[in-house]
Amino acid sequence: MHWTTDQTAPSVGRVVITKTRSPIRSNVGLKALMAVTGILLVLFLILHMLGNLKVFTGETSFDHYAHWLRDIGKPLLPSTWYLWIQRAVLTVAVLAHIGAATVLSMRAHAARPVAYAHRRKVHVNYAARTMRWGGVIILLFVIYHILDLTTGHLNPQGDPSNPYGNVVADFAPERWYVTLFYTLAVVTLGFHLRHGAASAFRSLGQQTPKGERRARTAALVFAVVLCAGYLVVPFAVLTGLVS
């Protein structure tokens with residue numbers, strides 16, 4: 001809170017109280033929060049994708065990897081504590097990311113309450129137009145994914161001692177609708193990442209047309225590679241390559 005004295009008063013200075021917004025609540029601070037949480041979530045997505053690909057090394061290897069995750073930090077941490085700490089951090093990151101995006105969107109809307117009579121046409125790609133609904137789809141998928149392959153409540157096998165079997169049972173041919181939902185969520189995530197990565201490059205100071213094209217290309221390649229890495233597993237099970 002900032003105190004100032006009004007020097008225009010004729011005799012006695014008038015004290016004026018001006019509220020100063022916290023840096024983290026400013027637009028710059030919220031964009032920085034989105035960037036930090038976004039990077040954290042992207043790093044997790046990359047590591048999670050690489051872990052998923054171990055399903056192609058066979059049941060024994062994949063199950064060993066899954067059980068190893070539960071024992072990270074031992075003996076300093078009890079079994080599965082690392083996973084729960086990770087889940088807590090990711091949950092906070094997701095909520096902070098969504099919260100910052102919502103506040104920025106509301107402020108942008110409030111800054112222009114009345115539409116211009118003649119607005120210049122602005123090119124807005126599909127990813128940018130669907131960021132909001134894409135976020136909702138991704139959030140719903142994360143909730144389903146946790147109940148499916150983490151807690152096992154929605155998995156047809158749900159055996160914590162056999163993660164490989166859970167994956168195979170989850171994407172079995174007769175459960176094609178699960179693979180369809182998984183594909184929709186991953187493709188939506190790809191659009192989200194493409195737009196987010198391109199925006200991140202712009203926020204870091206990239207303004208030239210040539211650099212903009214390079215940033216968009218890099219964001220597109222990254223999104224495609226990540227989506228392919230996630231989708232190859234369910235489709236391998238669906239087609240019988242992994243069984």
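This passage describes the helices of a predicted model, the contacts between them and several individual residues.

The chain contains 8 helices and 2 strands. Read from the start of the sequence, these elements follow the order β-β-α-α-α-α-α-α-α-α. Of the 243 residues of the chain, 28% count as buried. Among contacts between residues at least 6 apart in sequence, 64% join residues that are at least 24 apart.

Two packings involve helix α1, which comprises residues 27–52. Two packed helices are described by the angle between their axes and the distance between the axes. Helix α1 packs with helix α3 (residues 81–110) at an angle of about 145 degrees, and the two axes are 9 Å apart. The crossing of α1 past α3 is left-handed. On the α1 side, the residues that meet α3 are Asn27, Leu30, Lys31, Leu33, Met34, Thr37, Gly38, Leu40, Leu41 and Phe44. On the α3 side, the partners are Gln86, Val89, Leu90, Ala93, Val94, Ala96, His97, Ala100, Ala101, Val103, Leu104 and Arg107. By class, the residues of the contact of α1 with α3 comprise 15 nonpolar, 5 polar and 2 charged.

The second packing joins α1 to helix α8, the axes coming within 9 Å and crossing at roughly 40 degrees. Here too α1 passes its partner, α8, in a left-handed crossing. From α1, the contact is made by Val42, Leu45, Ile46, His48, Met49 and Asn52. From α8, Phe222, Val225, Leu226, Gly229, Tyr230 and Val233 take part. The residues of the contact of α1 with α8 divide into 9 nonpolar and 3 polar, with no charged residue.

Helix α3 has 30 residues, which at 1.5 Å a residue should span 44 Å; the C-alpha atoms at its ends are 43 Å apart, in agreement with that expectation. Buried positions in α3 are Leu83, Leu90, Ala93, His97, Ala100 and Leu104. An α-helix has 3.6 residues a turn, so residues three or four places apart point the same way. The buried residues of α3 pack against α1 and α2.

Helix α8, spanning residues 209–238, also has 30 residues. From first to last C-alpha, α8 reaches 43 Å, close to the 44 Å expected at 1.5 Å a residue. A kink of about 30 degrees is located at Val232 in α8, shortly before the proline Pro234. Following α8 is Gly240, with a positive phi near 90 degrees.

Helix α2 (residues 59–70) includes Phe62. Because its relative accessibility is 8%, Phe62 counts as buried. Outside its neighbours within four places in sequence, Phe62 is in contact with Gly51, Asn52, Lys54, Val55, Thr57, Pro163, Tyr164 and Val167. One of these partners, Asn52, lies 10 residues away along the chain, and the C-alpha atoms of Phe62 and Asn52 are separated by 8.4 Å.

The loop between α2 and α3 contains Pro75. The peptide bond from Lys74 to Pro75 is cis, with omega near 5 degrees. Thr80 is placed in the loop between α2 and α3 as well. Although Thr80 is a residue other than glycine, its phi is positive, near 70 degrees. The relative accessible area of Thr80 is 27%, so this residue is partly exposed.

Two further residues belong to helices α6 and α7. Asp170 is found in α6, which covers residues 163–170. With a relative accessible area of 1%, Asp170 is buried. Residues up to four places away in sequence being left out, Asp170 touches Tyr144, Asp148, Leu149, Asn155, Pro156, Arg175 and Val178.

Leu184 is part of helix α7 (residues 176–203). Its relative accessibility of 45% is the reason that Leu184 counts as partly exposed, whereas Asp170 counts as buried. Leu184 and Phe141 are 43 residues apart in sequence, and their C-alpha atoms are 9.4 Å apart in space.

Note on methods:
Residues are numbered from 1 along each chain as its sequence is written. This is a predicted model: local features need pLDDT of at least 70, side-chain atom pairs count only at pLDDT 80 or more; totals for chains, interfaces and linings use all residues. Side-chain values use heavy atoms; hydrogens and water are left out. Helices (H or I, at least four residues) and strands (E, at least two) are DSSP runs, numbered from the N terminus. The expected span of a helix is 1.5 Å times one less than its number of residues. The bend at a residue is the angle between axes fitted to the seven residues ending there and the seven starting there. Axes are lines fitted to C-alpha atoms, for helices over the stretch in contact, and angles run from 0 to 180 degrees between N-to-C directions. A crossing is left-handed if the near helix is turned anticlockwise from the far one by less than a right angle, and right-handed if clockwise. Contact means heavy atoms within 4.5 Å. Ala, Val, Leu, Ile, Met, Phe, Trp, Tyr, Cys and Pro count as nonpolar, Asp, Glu, Lys and Arg as charged, and the others, Gly among them, as polar. Buried means under 20% relative accessible area, exposed over 50%, partly exposed in between (1.4 Å probe, protein chains only).
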